[in-house]
Protein chains: 2
Amino acid sequence: MSKSEQHIHVDHVALEEFSSEVFRNAGLSKEHASIVSQALVSANLRGVDSHGVVRLEPYVKSIEEGGFNSTPDVSLTRAAPSTLLVDADDGLGQVATVEAIDAAVDAAKDTGAAFASVRNSNHFGTAAYYTQRAAERNCIGIAMTNVGPNVAPFGGIDPFFGTNPLGYSIPTNQSYSITLDMATSVVAKGKIHVAEEEGESIPDHWAMDQDGNPATAPEDVHALRPVGGPKGYGLGLLVDVCSGVLSGMGISPDVDSLYDDYSKPQQVGHWVGAIDPSYYRDLGEFKEEIDDMINRVKAISPKEGVDQVKLPGEIEAETRNRRKENGIPLGPGVIATLADLANRYEISFPVEIPQK
Amino acid sequence: MSKSEQHIHVDHVALEEFSSEVFRNAGLSKEHASIVSQALVSANLRGVDSHGVVRLEPYVKSIEEGGFNSTPDVSLTRAAPSTLLVDADDGLGQVATVEAIDAAVDAAKDTGAAFASVRNSNHFGTAAYYTQRAAERNCIGIAMTNVGPNVAPFGGIDPFFGTNPLGYSIPTNQSYSITLDMATSVVAKGKIHVAEEEGESIPDHWAMDQDGNPATAPEDVHALRPVGGPKGYGLGLLVDVCSGVLSGMGISPDVDSLYDDYSKPQQVGHWVGAIDPSYYRDLGEFKEEIDDMINRVKAISPKEGVDQVKLPGEIEAETRNRRKENGIPLGPGVIATLADLANRYEISFPVEIPQK
């Protein structure tokens, strides 16, 4: 049986309810449990399984061992008309960052542009979740976060900055917003782990060994490379300054990974914001011109083997539509972990667990 | 005699005065002539000769043939506390964009963050010139512009978006601000021209031919590739939306190149902005932490053949210091073009022109 045949499809609503039940049993309020679960399942819907319910287990572990505060008192200060300061109180990153992006959109609708800095936070999931929230309210959304060190600056060989993702969304009249959510490294760390598990080698431009030479065996990886050399290095540095230095959290080497120590807060910083196009021009005209751009991009001659040029975020939107219909495919490893959580808290899992 | 031996070093102050004299003779006011000349010579000082005084001749041609308005009435409206709308009135891009970034910094010091959209503009030189202006006033500066179409979207083979540069600067206590000014393509178009002139082939990941296959001969180049595939594509699209759609100018395929038709305005859009860190935390502490980051980056083990890891913009700052001391090296081609302008307007050129 192939790996994909072992996948079980789970209805996304049932999965979100299950996730909420787990978090409530772990000590989160009903509201916070729902916010985090929506964010995780949203990543699964878009096909970004690395940031979906696979994170339930380490999140719960961090709550239980004390790294994550299960009852955070999130505070928000409007330091200036377009500057919001949010303290996540060591809670789950999603709880504070949803509040941060919503407040940034409110402020942007008032001033034209606004940004929120989030401090004392933890893993926030995907940047796209927040930028799409802004786009749904007709703003251009922006989000970034620092993470633990794993990318070598251009010219160096030691990991220093994180894969430091940055994302944006642009409102459209389509069923999806144009959305980019990119690591500033050539590839995310997860791709190295996958290659290692599969026993495969990696392309020589992804990472370097401890002497700075190309690493082609996953186990030789000492540091990831920034995308486009000095370009990705510069973008990753900007993400760290906006996420870590503006918030006072420190830069990537000062940040703990989700998996480092479950008893310690990660001390991550995020930076999210919104631009309101309606102060520049009529919103309807703006969105019509975006739609016109989309049509023109789709009319470009595709490369051999490509049906049609896609917009950033379009493939993820197609996956979301398909998975809303057919359910979210979960592999045996994830199913087993979720089943353990179900047993532990004595709650029912949405699908029958296959016996090993 | 090697190419570099044929270079003549010209004092940067004298070069800037010469450039101003040329623009005044071409019809610009003393103030506008000075603004544009400072921006061009600043690019030469930083070693970005492709955006320096080599642009004098095409700028003058556009003024004379009517594409550039020599006496623009630049207007600025504060549409919202953090949104500024600037109309360049078809003048030189530098004139309106200097006003735009200065006003954005003023507004950011009031609201925490502000952006200016520039419409009806032309070539604005380097993004770094504007972002560094913001950093000198202790703001994080951001600048982007669309340009004529030459990059194929990821998955496509026809040029559509421009090389759409984006830049930022971060204030420091050093003699330079951290500055990134990057094309969202693998390389700028200029590198293809240089290879063509030198009769050299180009690496196969820079560009593609009209069938979408890697182009290694400069004359086969049909479209440039975005840096990092879907990442550079997504970033270039964002630059076009912020520069072209917010301003109402249209996207890259609607924009004329500087060299297309000297009698027509290019109809370029720009987007520049500023973030004031002092609303996030004490400015002194912010800058100290940036300096600390700089020191930590420089302490990273360098790759073989690299002395020390550099910060974005550091090499350009070193070049600036050297060229302020020793003059700006200009090749025979540029010298000849500038000498022609000197003869035409009967003004003296700062150095003796070698006889051909």
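## Close-up views of a predicted two-chain model

**View 1. Chain A laid on chain B.** Chain A fits onto chain B with an RMSD of 0.0 Å after a turn of 180 degrees and a shift of 0.0 Å along the axis. That is the relation of a two-fold axis. The copies are superposed by least squares on the C-alpha atoms of residues with pLDDT of at least 70 in both. This is a predicted model: local features need pLDDT of at least 70, side-chain atom pairs count only at pLDDT 80 or more, and totals for chains, interfaces and linings use all residues. Residues are numbered from 1 along each chain as its sequence is written, chains are lettered from A and ligands numbered from 1 in the order in which they are written, and side-chain values use heavy atoms, leaving out hydrogens and water.

**View 2. The rotation axis and the interface.** Which residue of chain A comes closest to the rotation axis? G228(A) does, with its C-alpha at 3.0 Å. The copies meet through the same surface, because 100% of the interface residues of chain A are also interface residues in chain B.

**View 3. The open sheet of chain B.** Seven strands run in the order β2-β3-β4-β10-β5-β6-β7, with mixed pairing. Strands are DSSP runs (E, at least two residues), numbered from the N terminus. Two strands pair if DSSP finds at least two bridges between them. β2 (75–80) and β7 (178–182) of chain B are the edge strands, each pairing on one side only.

**View 4. Strands β3 and β4 of chain B.** β3 (residues 83–87) and β4 (residues 113–121) of chain B run parallel, joined by five bridges. V86(B) stands opposite V118(B) in β4(B).

Terms used:
Contact = heavy atoms within 4.5 Å. Helix = DSSP H or I, 4+ residues; strand = E, 2+ residues; numbered from the N terminus.
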